[in-house]
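Work through the exercises below with the sequence and the model at hand. Each task is followed by a stepwise solution.

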Amino acid sequence: MKKILCLFLVFCLCFSLTGCGSEPESTENTKPESGAQTEDSALEAAAGLLKTMTLEEKIGQLLMVDVDKLVNGKKPVQEALPELLEALDKYKVGGLVFYDQNIKGVEQVQTMLRQIKEYVAASPQIRIPLYLATQEEGGGRNSIAAQNDEIRSTGYISPSEMGKNMTVEQLEDTGEIIGEELLNLGFNMNFAPVADVVEEEKTIDTSAVEESVVAVLGKEPEYIPPAKKISKAKRKKKRRAYKKRLQAYQEKYERFVESYMENNYCDSCFDSDEEKVSEAAAAMIQGMHASHTEDGTNLCTVLKMFPGICSVAKYHKLVPVGIDTGLSRLRRVNFEPFAAGIDAGTDVVMVSHVSLNKIDPQVPSSLSAVIMSDLLRKELGFRGIIMTEQMDLSVVTARYTTGEAAVKAIVSGADMIYNPENIEEAVTALRQAVQTEEIDEKVIDQAVLRILQNKILREVYPLPGE
């Protein structure tokens, strides 16, 4: 990324006032200028387009998928592979997500994303351009820049450091620079910022973690003594073979747990004070929205992880975990930053798999109508896109089939499903649910309408003639 950001952030750390005491310039729920489109004109255009779409096309728009999952190969996708393009034709997904393993350098990612866009634009099978998303918080573990020499300049200032050392104005400027860099690479959506308030980690029963892993990997191999007497040499050989199997299993176990654990989630959070988090999240969103390409495309923001997961983040992808906080405190503390981000105009709110024990303890928030439809949609007034956390995590797959999770998410108020465990099964289940009237097609239409309106408003889908 541009060297200017590196210099700017160093300046911020050296000379800025501690904390985030100043107020953001505006918390109005407004959208930045985006070509000639307004919310009303984008909605009108989206409604017209929706009327021409098949059910297959509508269901595709509901899916946000990691690019590696769509190809399902052994190596990370780092180019516009033929099998990837074929899968886009088949599923017509709403968006693709790219992480560190998909990015080697600036020219490589620009070429890959440009070729995907060109293919989608030319394909007779696909009518709606894709969200092309990544995760760039500005620094720390969730920074694509931190993992790549060519775009390293933002890779050392984590959100937690930003919250301590930057003013609101500096945070907004940083958001704009990050947005411009992502747009320059070819992305149009960023899975940031985090609106969680830093909280003390809650102790959970780690035996549940072991049970979860065993459910996926199976039990640890056991040594079975020979049924009959064998020579000492053969016994040693059998022991060695067992030790190799055991070591391989233990390594696989450790890799599995490590891949799902959130060890440093607080680094992604701005502060433990809800007012400071509110100001920081709103400023970053406003900054990212101020960025744009020459043809008018804006960066879409994804505010996460509603309703707040900091106290249980470590194991929340592995096992069902819940928060015991009552609704009054949730409203006063946890929800405030999300409300600020909504007022700042975030395009998407991502909902986690954490349960609220005193509100809807039986299901994860990502499958809860109380959390998504009642609290987020009605009480907080969010009119944008509600997206689930990844649905291929063991905390979901151990309790629900792919189809069950997909249908329940949409019925409960989600607009986009992020990474269903099996894409084909998710599509089939959603189609059958509409056909059997388990899902009213009007619910699908409303979700797709939000997605189309946002794509048009942000110039992800420029209207003909513009």
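A residue is called buried under 20% relative accessible area, exposed over 50% and partly exposed in between, with a 1.4 Å probe and protein chains only. Helices (H or I, at least four residues) and strands (E, at least two) are DSSP runs, numbered from the N terminus. The model is predicted: local features need pLDDT of at least 70 and side-chain atom pairs pLDDT 80 or more, while totals for chains, interfaces and linings use all residues. Residues are numbered from 1 along each chain as its sequence is written, and side-chain values use heavy atoms, with hydrogens and water left out.

**Exercise 1. Helix 10**

Task: Compare the span of helix 10 with the expected one, then list its buried residues and state what covers them.

Solution:
- Step 1. The expected span of a helix is 1.5 Å times one less than its number of residues.
- Step 2. Helix 10 covers residues 232–260, so its 29 residues should span 42 Å; the end C-alpha atoms are 42 Å apart, in agreement.
- Step 3. Y242, L246, Y249, F256, V257 and Y260 are the buried residues of helix 10.
- Step 4. Contact means heavy atoms within 4.5 Å. The cover over these buried residues includes helix 9 (207–217) and helix 14 (394–397).

**Exercise 2. Helix 12**

Task: Where does helix 12 bend, and what do its buried residues pack against?

Solution:
- Step 1. Helix 12 (residues 327–343) has 17 residues, and a straight helix would reach 24 Å, but its end C-alpha atoms are only 21 Å apart.
- Step 2. The bend at a residue is the angle between axes fitted to the seven residues ending there and the seven starting there. Helix 12 bends by about 60 degrees at F335, and the proline P337 follows within four residues.
- Step 3. Both F335 and P337 are among the buried residues of helix 12, which also include L330, V333 and N334.
- Step 4. The buried residues of helix 12 pack against helix 11, strand 5, strand 7 (348–351), strand 8 (355–356) and helix 13 (369–379).
- Step 5. Just after helix 12, G345 has a positive phi of about 100 degrees.

**Exercise 3. The sheet**

Task: Give the strand order of the open sheet and trace the pairing from strand 2 to strand 7.

Solution:
- Step 1. Two strands pair if DSSP finds at least two bridges between them. The open sheet has 8 strands in the order 9-7-5-4-3-2-1-10, with parallel pairing. Its edge strands are strand 9 (385–388) and strand 10 (417–418), each pairing on one side only.
- Step 2. Strand 2 (residues 95–97) runs parallel to strand 3, joined by 3 bridges, and V97 stands opposite A133.
- Step 3. In strand 3 (residues 131–134), Y131 and A133 point one way, L132 and T134 the other, and all are buried.
- Step 4. Strand 3 pairs in the parallel sense with strand 4 (residues 189–190) over 2 bridges, where A133 stands opposite M189.
- Step 5. Strand 4 and strand 5 are parallel over 2 bridges, and M189 has C300 as its bridge partner.
- Step 6. Strand 5 runs parallel to strand 7 with 3 bridges; F306 is partnered by V351, and L303 stands opposite V349. In strand 5, 7 of 7 residues are buried.

**Exercise 4. S291**

Task: Is S291 buried or exposed, and which residues is S291 in contact with?

Solution:
- Step 1. S291 lies in the loop between helix 11 (274–290) and strand 5 (300–306).
- Step 2. S291 counts as buried because its relative accessibility is 0%.
- Step 3. Leaving aside neighbours within four places in sequence, S291 is in contact with E176, G179, E180, L183, T297, N298 and L299.
- Step 4. The side chain of S291 reaches the backbone oxygen of M288 at 2.5 Å.

Key: A polar contact is a pair of N or O atoms within 3.5 Å; within protein, one must be able to donate a hydrogen and the other to accept it, and residues adjacent in sequence count only if both atoms are side-chain atoms.
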